[in-house]
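Here are a few exercises to work through with the model open. Try each task before you read its solution.

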Amino acid sequence: MKTARLLITKDCHRDCPYCCNKYERVMEQIQEIDSLDALEGFGAICITGGEPLLDFDRTFRIVMKLQEKTKAKIYLYTTIYVKGTTLLLSMLDGINFTLHNEVSAKDSLYLRNMQRTLTLYDHVGRPQTNRLLISPDLETYLYIIPAVWNRITVEPWKSEDELMKQNSNNGIPANETMFFLKGE
């Protein structure tokens, strides 16, 4: 499936050492776009950033417009849970929720709220692909509900060199194209 990785913001509340947005060779591949029309023909669109939920209203508007313009599956990559997330999740085909190595009490609460919301969707029957990515450097106890996640992965973040070796498409998977949305 042809996938668009759509960065909608570069803003983030973290300063992670292995953030791929800091990787020059990977970020050279990004195509700047002013309109979501450029994503026509993609089978999946992965909304990411920075942290997309820092500007919930914009993220919500983008998801609504994508639903109108495309038949693509829409996924959200996030590390937080904010007011309105429940409504947004009902519009998505899935999420990738990440726990970084420096998990705070607030991050644990985000995870708890996300899992609670995903548990509610189990009863509605909405098909979703929900993935939990955990840093192996995490040094805290977490309450994880395995049933709400389709995949739970514990793996270290990759350096830019590791990404470049792993993916022959200059650090990104061969079926993906990276975009940065300036407009909308």
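**Exercise 1: the overall fold**

Task: count the helices and strands of the protein chain, then read off their pattern and judge how compact the chain is.

Solution. Start with the count: the protein chain has five helices and eight strands, where helices (H or I, at least four residues) and strands (E, at least two) are DSSP runs, numbered from the N terminus. Next, walk along the sequence, and the pattern reads β-α-β-β-α-β-α-β-α-β-β-α-β. Then check the radius of gyration: it is 16 Å, close to the 16 Å from the globule rule for 184 residues, so the protein chain is as compact as a globular protein of that length. (That radius is taken over C-alpha atoms, and the rule is 2.2 Å times the number of residues to the power 0.38.)

Before going on, keep in mind that this is a predicted model, where local features need pLDDT of at least 70, side-chain atom pairs count only at pLDDT 80 or more, and totals for chains, interfaces and linings use all residues. Residues are numbered from 1 along each chain as its sequence is written, and side-chain values use heavy atoms, with hydrogens and water left out.

**Exercise 2: the sheet**

Task: work out the strand order of the open sheet and find its edge strands.

Solution. Trace the pairings first (two strands pair if DSSP finds at least two bridges between them). They give an open sheet of eight strands in the order E2-E8-E1-E3-E4-E5-E6-E7, with parallel pairing. The edges are strand E2 (31–33) and strand E7 (151–154), each pairing on one side only. Now zoom in on one pair: strand E1 (residues 3–7) and strand E3 (residues 44–48) run parallel and are joined by five bridges. In that pair, Ala-4 of the protein chain sits opposite Ile-45 in E3.

**Exercise 3: one residue, Ile-95**

Task: is Ile-95 buried or exposed, and which residues is it in contact with beyond its neighbours within four places in sequence?

Solution. Locate it first: Ile-95 is in strand E5 (residues 94–99). Its relative accessible area is 0%, so Ile-95 is buried (buried means under 20% relative accessible area, exposed over 50%, partly exposed in between, with a 1.4 Å probe and protein chains only). Then list its contacts (heavy atoms within 4.5 Å): leaving aside those neighbours, they are Leu-76, Leu-89, Met-114, Leu-118, Thr-129, Asn-130, Arg-131 and Trp-149. Finally, zoom out: buried residues make up 46% of the 184 residues in the protein chain.
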